[in-house]
Amino acid sequence: MIKKLRLKFILINMSIVTLLLCIILGLVFYFTSANLEQESLSMMRNIAAQPFRLDTPEERGEDVRLPFFALQLGPDGDLLAKGGGYYDLSDAAFLDSLIDAAFSTPKQFGVLSEYNLRYYRVDMPLSQCLVFADISSERATLNGLVKTCCIIGVVGFLLFLWVSILLSKWAVRPVEQAWKQQRQFVAAASHELKTPLTVIMTNTELLQNPTYDAGKRETFLHSIQTMSEQMKRLIGQMLELARTDNAEAKEVFAEVDLSRLTTQTVLPFESVFFEKGMRLETDVQENIRVTGAEAQLRELVEILLDNAQKYAREKGCTWVALQKRGRNRCVLTVSDEGEEIPPDALQNLFKRFYRADPARSRSGSFGLGLSIAENIVTQHRGKIWAESKDGINRFTVELPCL
């Protein structure tokens, strides 16, 4: 799919580039040709304006740039005078053929391709004047321009093709990454669901065996209930992740007192930390307000606190702090004393279903909480990152505030 997408991108891009190159080079050729033709006609008009000085071509103006000659005809079409000095005008048959060709069309000017000449005809009361100009140099110039345009077109096409190939890799990289993440997500979700489903099916089969007593049956039922609750939590987190992924499902934002929300969210966790023999300390600056969805922000704080109480060391301390940074930013940090997180794991903590210690899945962690937290922070135009140093693991959230 990615290869087809890249190929489609290159084809569309090169079609546009080819069209633009043809238009640009075509316009260059058209305007150059029109300019040369206009200069030639201007020169011929100036020559035709002096029909009685055909024998003194050296006195022509500076605009005479092309080899030319002129013929003056009488009312009956007989040749009265000729001049120009650039051609041998002694061949009467040649001159008659030129006169016939010039009068064969009603146009006042035109091109006689077989003679490589452009003519200009002026009708006067008692005579007619025909001016002929050689267009060999003009055609040579245009032929050279065509070759140059072809070379530029081919080189430009190849250059843009190379650039398009590079751009296609850059353009489809987010799609490729999303496709890869989707496959990883499906594989990880299948793996997480496989274990509880296997336990449920196994215990269901054992319940159907009449040889087990009531105590054993009670154990089987308890295992089924435990695995069912675990699957319920997993599916709930997956649905929440899908909801936060969907930008169109973004909740209506309003002004939220983040200081009050953080304090209220911390309160229920104090008993949880106390029962585990851990300390929970808070440092919340008052009256910090943000624009956002209150339910999502509450869930963000809950995820960070839940993560801390799961992974902090026994009898360790967890700190929750909310402070303003500058005029329009605030920082929420949740730090805990725990086992130091390796640098490579810090980069992957926010990936779906990632756990630095796979054994932690037994504690009810599926590796989705921090992904949900990252999505919430992104929707609120903020940043989230993790740090681990000197036995302190710190999760920091930076949000715009009012």
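**Entry 1: helix H5**

I call a residue buried when its relative accessible area is under 20%, and exposed when that area is over 50%. The model I am reading is a predicted one.

I looked up helix H5 and found that it covers residues 258–275, 18 residues in total. From its first C-alpha to its last, H5 reaches 27 Å, which is close to the 26 Å expected at 1.5 Å a residue.

I then asked which residues of H5 are buried. I noted Leu258, Ser259, Leu261, Thr262, Thr265, Val266, Phe269 and Phe273. An α-helix has 3.6 residues a turn, so residues three or four places apart point the same way.

Where is the kink in H5 centred? I found it at Pro268, with an angle of about 35°.

I also examined both ends of this helix. At the N-terminal end, Asp257 acts as the cap of H5, with a side-chain oxygen 3.2 Å from the backbone nitrogen of Ser259. Just after H5, I recorded a positive phi of about 75° at Gly277.

**Entry 2: the cavity**

I searched for cavities of 30 Å³ or more, and the count came to one. The largest cavity holds about 30 Å³ of space.

I listed its lining as Leu258, Leu297, Leu300, Val301, Leu332, Val397 and Leu399. Leu258 is also among the buried residues of H5.

Which element gives the most to this lining? I found that H6 does, with three residues. Helix H6 (294–311) and strand E12 (392–400) each supply at least two residues of the lining. By class, I counted seven nonpolar residues in the lining, with no polar and no charged ones.

**Entry 3: Ala189**

I located Ala189 in helix H3, which spans residues 136–207. Is Ala189 buried or exposed? Its relative accessible area is 5%, so I entered Ala189 as buried, the limit being under 20%.

I also noted that the C-alpha atoms of Ala189 and Ile235 are separated by 9.2 Å, while the two residues stand 46 residues apart along the chain.

**Entry 4: two loop residues with positive phi**

I recorded a positive phi of about 60° for Asn287, although Asn287 is not a glycine. Asn287 sits in the loop between strand E7 (279–284) and strand E8 (289–292). Because its relative accessibility is 53%, and exposed means over 50%, I entered Asn287 as exposed.

Asp390, likewise a residue other than glycine, has a positive phi near 55°. I placed Asp390 in the loop between strand E11 (383–389) and E12. With a relative accessible area of 68%, Asp390 is exposed.

Definitions and conventions. Residues are numbered from 1 along each chain as its sequence is written. This is a predicted model: local features need pLDDT of at least 70, side-chain atom pairs count only at pLDDT 80 or more; totals for chains, interfaces and linings use all residues. Side-chain values use heavy atoms; hydrogens and water are left out. On a 1 Å grid over the protein atoms alone, a cavity is a set of points where a 1.4 Å probe fits but cannot get out, and a pocket is an open set with protein on both sides within 12 Å along at least five of seven lines; lining residues have an atom within 4 Å of a point. Grid points are joined across faces, edges and corners, and a volume is the space filled by probe spheres set on the points. Helices (H or I, at least four residues) and strands (E, at least two) are DSSP runs, numbered from the N terminus. Ala, Val, Leu, Ile, Met, Phe, Trp, Tyr, Cys and Pro count as nonpolar, Asp, Glu, Lys and Arg as charged, and the others, Gly among them, as polar. The expected span of a helix is 1.5 Å times one less than its number of residues. The bend at a residue is the angle between axes fitted to the seven residues ending there and the seven starting there. Buried means under 20% relative accessible area, exposed over 50%, partly exposed in between (1.4 Å probe, protein chains only). A polar contact is a pair of N or O atoms within 3.5 Å; within protein, one must be able to donate a hydrogen and the other to accept it, and residues adjacent in sequence count only if both atoms are side-chain atoms.
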